[in-house]
Structure formats: structure tokens, C-alpha cells
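Hi everyone, thanks for making time for this. I'd like to walk you through one structure today, so please have the viewer ready.

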Amino acid sequence: MRNFLGSVANRVFLILLAGILVAAATTSWLADNERRKAFKEFYEFRIAERVEQLVFSLDNVGPDMRSVVLQTSDNFGLEASMVKDTENAVNDNPSLTALLKARLGHNRNVVVDRQNDCKLHTRRGVEFRKVEECQVVYVSLKDGTLLKLRLRMMRGPGGPAGRPPGIPYLSPYFALFLLLIGGLAFFVAKMTARPIKHLAVAAGELGRDIDRPPLDETGPTEVRQAATAFNAMQARIKRQIQHRTHMLAAITHDLQTPLTRLRLRLEKVGEEDLRRKLLEDLAVMQSMVREGLDLARSMDSAEVMQKLDIDSLLDSVCADAVDARQDVTLEGRTRASIMAQPNTLRRCLTNLVDNATKYGRYARLQVAREGADIVIRIRDGGVGIPTELLETVFDPFFRLETSRSRDTGGTGLGLTIARNIAENHRATLQLRNHPEGGLEVTLRLPALNGI
């Protein structure tokens, strides 16, 4: 349920649906009240009309003929009799009382009462039916005689007296109404949340590819404003990365010349031990400059993307490593292609293989196809990395080996460069300590069009 409510579209859908249902229920309630009021007025009008006919009939005949007229009261849907008084009746229906006085005359005595546990005979006059509730109308005739009329209160199906035939809240039409309202609310919710979803997808892609196409600045005003702001942000970030990359590349490139001159001059140092130490330090400096230049290129490579056979690239990288006397093996074939920058991706794989053989003695490569991805795993035979540092090692210039020796300590940029290259290819690069020992690097690349 929490996941369902976590979606903006689902929240908007529920709010719209609840609002529409409340509005529909309120409207239905008001309409039902009006229907009940109109039905009650019509019902009382019919009662008044029948009472008026019977009263006028009794007024126009003599006392000896009234018993005959009273026997025909069943034809009017009434049970009539002559009484001496109102039997302590209380006026319970002012509206019907006022209507009868208006039709019969205000000089007449009219009382409308309600009785429970009544018995009314049928029209045939031979059977009696017990009812829960009935109305009793007392009306005085012209000569002062009191007429008592008893009639069953009309009830709608399942409703109180005076209610019209039931409103089909649970009918198929109401179910169809709910279905249509729900569909409309769902459509509006999805349409409202679609621009937010597109913006979220674009933000996720921006983290993997700064050169992704800008958003279309179309749609409602708010959507256009958000797309314009997003595109402006992307352009600013891209310019800042380019400026930083160009600055770093310029610095590292310009250092190459004075370092070369320095090496030439160090060759003239007479003391052999001092010259050896100075040349080692210079070699470290030149290595750092080269790595810095590679780092700058990895963040903003200008190499063209092209279709590349991943199996051939891995074969080539492993063959070069074996030629360099590194213990490297490769297992698996994918027969898949990817869109990549060949030289840049080669540098990524070379860094990972070199890192494995340097700190773990050997590199065991496995490549496989997993769904729409190509997964390359590189395992070494080292001691692994502390769990809390598995992400920290990707930071620039971070080294687990703190010495400056070229044999044991690098510049701390190899994994940083590898991850930058992977992200430029919309790939992921992760480290984990293998359960059987050693460090395992997993590079997950998207295959080309599922090929």
C-alpha cells in the first residue's frame, strides 16, 4: 500500500476519485431529498383529492344514505367510519392538514394523526391485514358530524413513508458510473504525472550521460518552465565539466615539456645514487601527469561512438596482458555488440586487469549475456578491500597502498578513470569481496539493440 501511495499519479487518482465520489454522493443526496419532497407533495395531493371526493359525497346525501357511501370508501383506498370525537388524536401532519383545509374550507375541523399496529381490511371487505403504520384523518362534515378515515401510509421499497421508489445505488448503472468515473480519474492522474515522470527519467539519464538530448519544451506553461530550467541546468553543468576538463588537460599537457627538460638535465648528474633517486621521483611525477591527463580525457572523451564486438575487444585486452607476462585468462562468449568508444573502453578494461594482476597476482575474466546487458567479471587472488572502502577507492588519488613506490603504490586514479569511462558508456562498475576470496569487479554494459 505504501508503494502504491508513493506514486504521484496514484495519489492524484485517489484524490480525484474521492472528490468526484463525494460530489456525486452529495448531489445524489440533494436530488433524493427533492424527489422525496416532490413525491410526498404528490402523495398528499392524491390523499386530499380522495378525501375531498368522499367528504363532498357524504355532505350531499342524507344521514340514512351515508352508510352506503361509507361502504364504497374502499374504492377510494380509504377505510371510513363515523365517530363522535377525535379520540385524543394529535395533529401529526401539518402539511396534509393545511392542504385539506384549503380544499375543504377552513371552517372544518381537520386532524391528521399517525397510528401504529393498525388493521386495514381489503377492498373486498372480507380479509383484514395488519400493517405497521397508518394515518388517521378526522374531518367534520357540514352538519358537524365527525368522519374518521384510515389509510395505510405509502412506503417506497425499503424506504420510509413518502419516499419514491428506490434510487438504484447498487444498480448496474451506478456500477457503470463508478467505472467511468474511475477511468476518467485514472486518465487525468496519469496525464498529470507524465511530465514529472519524464523529468525524473531525464534526471536519471543526465547522471549517466551529460550529453543526452535536451527535453522538449512543450506542453502546459508549468511543464515548459520546468523543461527550460532543466535544459539550462544541463547546459551549465556540461560547460563546467568541459572547463574543468580542459583546464586539467592543459595543466597536465603543459607539464610534459618541463619534465622532459628536467629528465635530460638529471642525466648529467654525476653522482649515480643521487641520479637514480631523482630519476625515480621524476618517473613518479611523469606517471601522475599522464594519469591526470587520462583522467581529464575520461571525463570528456571526444572519441566517436561506434559499433564494437565486445568479444574481440576482450580477446585483444587479454592477449596484450599475456604478452606483458601477466597471469590473465578469459572465459565465455557473448556474440554481442555494443556502442562504445573503442580506445576509451579498452583503457577502462586495461586499468581493471592491471589493477587485478598488480594487487591480486592474477586476473580471471568471465563474460556473459544477462538479459539486455553484457556482464564482465574480473576476479583476482588478493586479500580484497575492507567493505567500508569499496566505494571510497573510486575517489581520485585515494590509495590503499600509501607508499610512493612504483612497484606497490599507484597514483590512485586507475579506478576513478575506469568508472568515469563506464559511466560515459551508460554502464555500471561495482566492486565486491568474493566469498571464496579476492576482489571481484563487475562491469555491466548495455548491449546494442538486444543483439
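Let me begin with a small puzzle: which residue follows helix 10 with a positive phi? It is Arg426, and its phi is near 60°. Before you trust any angle I quote, please remember that this is a predicted model.

Arg426 has company. Arg325, which is not a glycine either, has a positive phi of about 65°. You will find Arg325 in the loop between helix 8 and strand 6, the strand that covers 327-331. Then there is Arg335, again not a glycine, with a positive phi of about 55°, and its place is the loop between strand 6 and strand 7. As a reminder of the background, most residues other than glycine have a negative phi. How accessible are these two loop residues? Arg325 has a relative accessible area of 81%, so it is exposed. Arg335 comes in at 70%, and exposed means over 50%, so Arg335 is exposed as well.

Now let's zoom out. The protein has 10 helices and 11 strands. Of its 451 residues, 36% count as buried. If you take the contacts with a separation of 6 or more, 63% of them come from residues 24 or more positions apart.

Let's go to the helix packing, starting with helix 8, residues 310-323, and helix 9, residues 342-360. Their axes are 10 Å apart, and the angle between them is about 45°. That angle is neither under 35 degrees nor in the 65 to 115 range, so the pair counts as oblique. The crossing of helix 8 and helix 9 is right-handed. On the helix 8 side, the contact uses Ile310, Leu313, Leu314, Ser316, Val317, Asp320 and Ala321, while helix 9 brings Leu345, Arg346, Leu349, Thr350 and Val353. Sorted by class, that gives 8 nonpolar, 2 polar and 2 charged residues. If you look at the spacing in those lists, here is a helpful thought: an α-helix has 3.6 residues a turn, so residues three or four places apart point the same way.

Helix 9 has another partner, helix 10. Here the axes come within 9 Å and cross at roughly 145°, and the crossing is left-handed. Thr344, Leu345, Arg347, Cys348, Asn351, Leu352 and Asn355 of helix 9 meet Gly414, Leu415, Ile417, Ala418 and Ile421 of helix 10. The class split for this contact is 7 nonpolar, 4 polar and 1 charged.

How many of the residues of helix 10 are buried? The count is 8 of 11, so helix 10 is mostly covered. The buried ones are Leu415, Thr416, Ile417, Ala418, Arg419, Asn420, Ile421 and Ala422. Do notice Arg419 and Asn420 in that list.

These helices also feed the largest nonpolar core, which has 42 residues. Ile310, Leu345, Ile376, Ile378, Leu431 and Leu443 touch the most other members. Helices 8, 9 and 10 each supply at least two residues, and so does each of strands 7, 8, 9, 10 and 11. Pick Ile376 if you want one residue to click on: setting aside neighbours within four places in sequence, its contacts include Ile310, Leu314, Leu349, Val441 and Leu443. Apart from this core lies another, of 22 residues, among them Ile47, Val51, Ala80 and Leu141.

Ala80 brings me to Lys148, which sits in strand 4, residues 146-152. Is Lys148 buried or exposed? Its relative accessible area is 12%, and the cut-off is under 20%, so Lys148 is buried. Not counting residues up to four places away in sequence, Lys148 touches Glu79, Ala80, Ser81, Val83, Glu87, Val136, Val137 and Tyr138. For the charge-minded among you, that list includes Glu79 and Glu87.

Two last stops. Leu293 is in helix 7, residues 272-299, and is buried at 13% relative accessible area. Its C-alpha is 8.4 Å from that of Ala250, 43 residues away along the chain. Beyond four places in sequence, Leu293 touches Ala249 and Thr252. Thr387, by contrast, is in the loop between strand 9 and helix 10, and counts as exposed at 59% relative accessibility. Thr387 and Leu431 are 44 residues apart in sequence and 9.5 Å apart from C-alpha to C-alpha.

That's my tour, so thanks for listening!

Terms used:
Residues numbered from 1 in each chain as written. Predicted model: local features only at pLDDT ≥ 70, side-chain atom pairs only at ≥ 80, totals over all residues. Heavy atoms only, no water. Axes fitted to C-alpha atoms, helices over the stretch in contact; angles between N-to-C directions. Helix = DSSP H or I, 4+ residues; strand = E, 2+ residues; numbered from the N terminus. Parallel < 35°, antiparallel > 145°, perpendicular 65-115°, else oblique. Left-handed = near helix turned anticlockwise from the far one by under 90°. Contact = heavy atoms within 4.5 Å. Nonpolar A, V, L, I, M, F, W, Y, C, P; charged D, E, K, R; others polar. Core = buried A, V, L, I, M, F, W, Y, C linked by side-chain atoms within 4.5 Å. Buried < 20%, exposed > 50% of the residue type's maximum accessible area, 1.4 Å probe, protein only.
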